[in-house]
Amino acid sequence: MEYVPNEPNAAKLINSLRNTGYTSYAAIEDIIDNSIDADAKTIRVFVEHKNNELRVIIADDGIGMDEEVLDQALRLGSLTDREEMSDLGKYGMGLCTASISMARRLEVLTREKGGQLYYGAQDLDDVVSKNKFIKIQREANRTDENLFEGKIGAHGTVVVLSKVDRLSDSNVAQFATKLTRDLGRIYRKFIEAGVKFYVNEKKVEMSDPLWLNDKKTQIYSDEEYDLPRSITGGRKESIRVKIALLPEMSDALMKELKINIPSQGFYILRNNREIADGLSLGVFIKHGDFNRLRIELSFSASLDNEMGVRFSKDGVDPNQGITDLLKQELGGQIASIRKIVKRTQQADSSSSVDHSDSEAVIAKKAKLLIVPEAEIEKRSPRKNTSEKRTRKDGDDSITRTPHKTQLSPKGMGARFETESRGREGVLYECAQEGKVIVIRWNSDHPFYDQIVFPNKSSKGIISGLDYLIFALASAELKVTNDDNVELLGNVKSIMSSNLRALLS
Ligand SMILES: Nc1ncnc2c1ncn2[C@@H]1O[C@H](COP(=O)(O)OP(=O)(O)O)[C@@H](O)[C@H]1O
Ligand SMILES: [Mg+2]
């Protein structure tokens, strides 16, 4: 049989290779993986926006490349040695495909210890105009040397992505901030082992989604599970699963730290590098009850096929055998964790402060009180549930504890609730809802936390405090108008702040 060459159409191919599913975050991380594989101890990322030109630079102090390796590295499908159990690379496509997914030009400067500095470049526009896979490779010149030494020093590799036309966020500063945060989590095991990362000269701090360094985190289990040989083609393989329940905390703090539905669930580590976060993997159904549940699943790259690792290394799609195993081994544990969470939630609401006595007295004495006129037309429809409403993800409302209000014969009433507005929030908010003055104590304010709540069993003290807040709130509602609303807001915030200072 006689074969003839069958070259791909370079211009078409390179343009479609821009769409292999990388976000710019995943692309940069894939390039960083090469630095880790090259034993770098320091990795510096620069996202530079100068003279209307956007450049992304990834510099490492790893082993660098000689001429032949650089020649391979700039090819689609490079032939280089890889170590399956530890290397983060895989297909020999990462450098080129990751680069062109976000930038039209890739330049590489690289030097082995004591070696020569080499320069290589691939420009998408040249490939398209010549319709051929072409590149530049030569010994570096003075300008290259200055750039190399400015970015990293003696040996290593500097990857320069220029003509960046597809950054995942048009706001460069915002992009750098998210990248910094993601790197701290994705490479946490390497940071822990001493590798240093910088983004625009700012050190990347390690961030552990399992909060393992927090004494209040409960490690629910930490086990190695052998996979049945029927799903691994006869190989002996295992995965490690660590289940953690983050400490209890206020709703406001959970919100601030984004401990929510998207962040709950599985964090997947491949050869110690995170490739996916916040997944349910079909093992449980995401729900607010699981916000504090974090599961780290680690595997080695020898399981890439079974785990369904994506080309861009930012996602997994495990096969049925693996999800079945996870359901069987973890299903019961996750159900028990839900019970623990529910129990603490119930304990929280049963230990809430009872304001019904104060409400009854206010209703009874309504005629003697100077209160604002009822604003029936402004009444907002509200559900009268006696249970805590739990926040849905993305819903900005605040967890409240509403209950039935007592009305006087004249129909005027007060209702006390608590809500979580953060430690820095005002002590209370008030509103008139129809004939009812609703007062919402801020359960995070130190005055509530240290004075009101601890006295919940002394009815006299609670009533006294409720009356004080009711008197302030009704006065506020009575005199508020468009002209003084801001002034009154200031008074309340200074009052809350002084009280906070006195109790801190
Ligand atoms: N920063 C780097 N330092 C040293 N060698 C590198 C670096 N980046 C790429 N290489 C070399 O280029 C090869 C190709 O990289 P890449 O295209 O990402 O594929 P892979 O990582 O799957 O091997 C690597 O195997 C490595 O030999
Ligand atoms: Mg790679």
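1. Let me start with the pair α12 and α14. In this predicted model, helix α12 (residues 356–364) packs against helix α14 (residues 459–479) at an angle of about 55°, and their axes are 9 Å apart. That angle makes α12 oblique to α14. If you view the pair on screen, the crossing of α12 and α14 should come out right-handed.

2. Next, have a look at α2 and helix α7 (residues 172–186). The axes of these two helices come within 11 Å and cross at roughly 50°. An angle between 35 and 65 degrees counts as oblique, and α2 and α7 are therefore oblique to each other. The crossing of α2 and α7 is right-handed.

3. How do α2 and α4 pack, and at what angle? Their axes lie 9 Å apart, with an angle of about 150° between them. Since angles over 145 degrees count as roughly antiparallel, α2 is roughly antiparallel to α4. Here α2 passes α4 in a left-handed crossing.

4. Now to ligand 1, which is surrounded by 19 residues. The closest of them are N34, T80, R82, K90 and G92. Sorted by character, the shell around ligand 1 holds seven nonpolar, nine polar and three charged residues.

5. Three polar contacts of ligand 1 deserve a place in your figure. From the side chain of N34, an N or O atom sits 2.8 Å from an oxygen atom of ligand 1. D60 brings a polar side-chain atom to 2.9 Å from a nitrogen atom of the ligand. G94 takes part through its backbone: a polar atom there is 3.3 Å from an oxygen atom of ligand 1.

6. How much of ligand 1 does the protein bury? On its own the ligand exposes 530 Å², and the protein buries 91% of that. As for which elements build the shell, those giving two or more residues are α2 (24–37), α3 (67–73) and α4 (94–102).

7. A last thought that links the points above: α2 and α4 each give two or more residues to the shell around ligand 1, and these two helices also pack together, with their axes 9 Å apart. I would enjoy seeing both in one view, with N34 and its 2.8 Å contact to an oxygen atom of the ligand labelled.

Terms used:
Residues numbered from 1 in each chain as written. Chains lettered and ligands numbered in written order. Predicted model: local features only at pLDDT ≥ 70, side-chain atom pairs only at ≥ 80, totals over all residues. Heavy atoms only, no water. Near = heavy atom within 4 Å. Polar contact = N/O pair within 3.5 Å; in protein donor to acceptor, adjacent residues only side chain to side chain. Areas by Shrake-Rupley, 256 points an atom, 1.4 Å probe, with all protein chains shown as cover. Helix = DSSP H or I, 4+ residues; strand = E, 2+ residues; numbered from the N terminus. Nonpolar A, V, L, I, M, F, W, Y, C, P; charged D, E, K, R; others polar. Axes fitted to C-alpha atoms, helices over the stretch in contact; angles between N-to-C directions. Parallel < 35°, antiparallel > 145°, perpendicular 65-115°, else oblique. Left-handed = near helix turned anticlockwise from the far one by under 90°.
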